[in-house]
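Hello,

Here is the structure I promised to pass on to you. Have a look at it first, and then read my notes below.

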Amino acid sequence: MKILFYDAKPYDCDSFESIRKERYADLEMTFLQADISVHTASLAKGFDAVCVFVASEVGRDVLGRLKEVGVRLLLLRCAGYNNVDLQAAEQAGITVMRVPGYSPEAVAEHAMALALTVGRRIHKSYIKVRENNFSLVGLIGKNFYGKTAGIIGTGKIGAAMCRICHGFGMKVLANDAYENPDLDFVQYVSLDELLRHSDMISLHCPLTDETRHLICSDSIAKMKDGIILINTSRGALIRTEDLIAGIRDRKFFGVGLDVYEEENRNVFENREDDILESSVTARLLSFPNVVITSHQGFLTEEALYAIAVTTAENALSYEKGKPIQENLVKA
Ligand code: NAI
């Protein structure tokens, strides 16, 4: 099977090439830096499948072009599929497959890394010490031991975050419609209770109509003063204007964001020469107690390996006429 990879970064090429050499020699892989679009879709002529990532827009026009050039399979090397027009894919006879889970611990560990960074001012001390400034002024942190963590959403990633917080000696509160029976050390409470009693809140629920702007001025008002807030889930869970107002009111000890509204233009791109005009990102970056990373929660060697293997298995299972059912995405 011949697969054309779009928007391939060096780490994608490395992880896919290494698993191909290891045990998937039957798969022919070609990597393109360009992302998929109505203009670049025709480059897939002669390929059986194309592989794209979370930020690629695969709409009706792109799928139409892929059908014209004979592509039969769209491989998503990610879990999310809201970037694909599934009805158009079905009409074009193109099968869509994804990687539903790869390493929940990768994202949960990144969430804790952000919490510790803002909680211990690591981002400030890193820069100060590099400038030979060994003063401790402005670096006072907070212990996590004995404090209360509030985890919103206890699916795969939220559960991993609960375990990490428990390991730190924190009391763990959680909010989710479905209580995870494996988490016997967790106390499930209402969202209001979680907001009122937590010292650190970490968001791990999906973005839905119900959860959009879950964190807004109302919910921020209910939080303890000096709260640490972490979001590695989806940017629009937080109403950024309200977050900025809360930061200005000195509500937060620290805020760690791996995702944020308006991230789509930035994510995975080098924009170091651009001037970020009227940008929410630029305003957030102006605060000393905010740390932002670029949607890298998933980016570990282990997760990349798991993504590559599952994508290769998806391709082979399709080729054999028995696509892995739980990895199929249907309209
Ligand atoms: P999951 O589907 O295993 O768990 C989500 C949990 O959220 C479920 O238990 C569900 O019942 C709960 N939930 C849904 N609505 C809720 C609400 N209104 N309030 C409280 N809980 C609610 O998903 P998983 O794998 O744990 O992923 C969580 C999120 O992490 C994803 O939706 C995605 O947005 C994000 N993610 C971020 C990555 C990154 O690189 N930063 C990588 C992968 C996922």
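Which ligand atom is 3.4 Å from a polar backbone atom of Gly155? An oxygen atom of the ligand is the one at that distance from the Gly155 backbone. Please keep in mind as you read that this is a predicted model.

Let's stay with the ligand for a moment. Another contact comes from Arg234, where a polar side-chain atom lies 3.2 Å from an oxygen atom of the ligand. Asp258 also takes part: an N or O atom in the side chain of Asp258 is 3.0 Å from a nitrogen atom of the ligand. On its own, the ligand would expose 870 Å², and the protein buries 79% of that area.

Who are the neighbours? The ligand is surrounded by 23 residues, and the closest are Lys156, Ile157, Asp176, Thr232 and Asp258. Sorted by type, this shell has eight nonpolar, ten polar and five charged residues.

Next, the pockets. The second largest pocket holds about 280 Å³ of space. It is lined by 13 residues, of which Asn175, Ala177, Cys205, Glu210 and Thr211 are the closest to its centre. The lining of this second largest pocket divides into seven nonpolar residues, four polar ones and two charged ones.

Finally, the cysteines. A disulfide is a covalent bond between the sulfur atoms of two cysteines. With a cut-off of 2.5 Å between the sulfur atoms, the count in this model is zero disulfides. Why does Cys51 have no such bond? The closest cysteine sulfur, in Cys78, is 8.4 Å from the sulfur of Cys51, so the two are too far apart for a bond. Cys165 is a similar story: its sulfur is 6.8 Å from the closest cysteine sulfur, which belongs to Cys162, and that is too far for a bond. Cys51 is buried, with a relative accessible area of 0%, and Cys165 is buried with a relative accessible area of 0% as well.

Enjoy exploring it!

Best wishes

Definitions and conventions:
Residues are numbered from 1 along each chain as its sequence is written. This is a predicted model: local features need pLDDT of at least 70, side-chain atom pairs count only at pLDDT 80 or more; totals for chains, interfaces and linings use all residues. Side-chain values use heavy atoms; hydrogens and water are left out. Buried means under 20% relative accessible area, exposed over 50%, partly exposed in between (1.4 Å probe, protein chains only). A residue is near a molecule or strand if one of its heavy atoms lies within 4 Å of it. A polar contact is a pair of N or O atoms within 3.5 Å; within protein, one must be able to donate a hydrogen and the other to accept it, and residues adjacent in sequence count only if both atoms are side-chain atoms. Accessible areas come from the Shrake-Rupley method with a 1.4 Å probe; for residues, only the protein chains shown count as cover. Ala, Val, Leu, Ile, Met, Phe, Trp, Tyr, Cys and Pro count as nonpolar, Asp, Glu, Lys and Arg as charged, and the others, Gly among them, as polar. On a 1 Å grid over the protein atoms alone, a cavity is a set of points where a 1.4 Å probe fits but cannot get out, and a pocket is an open set with protein on both sides within 12 Å along at least five of seven lines; lining residues have an atom within 4 Å of a point. Grid points are joined across faces, edges and corners, and a volume is the space filled by probe spheres set on the points.
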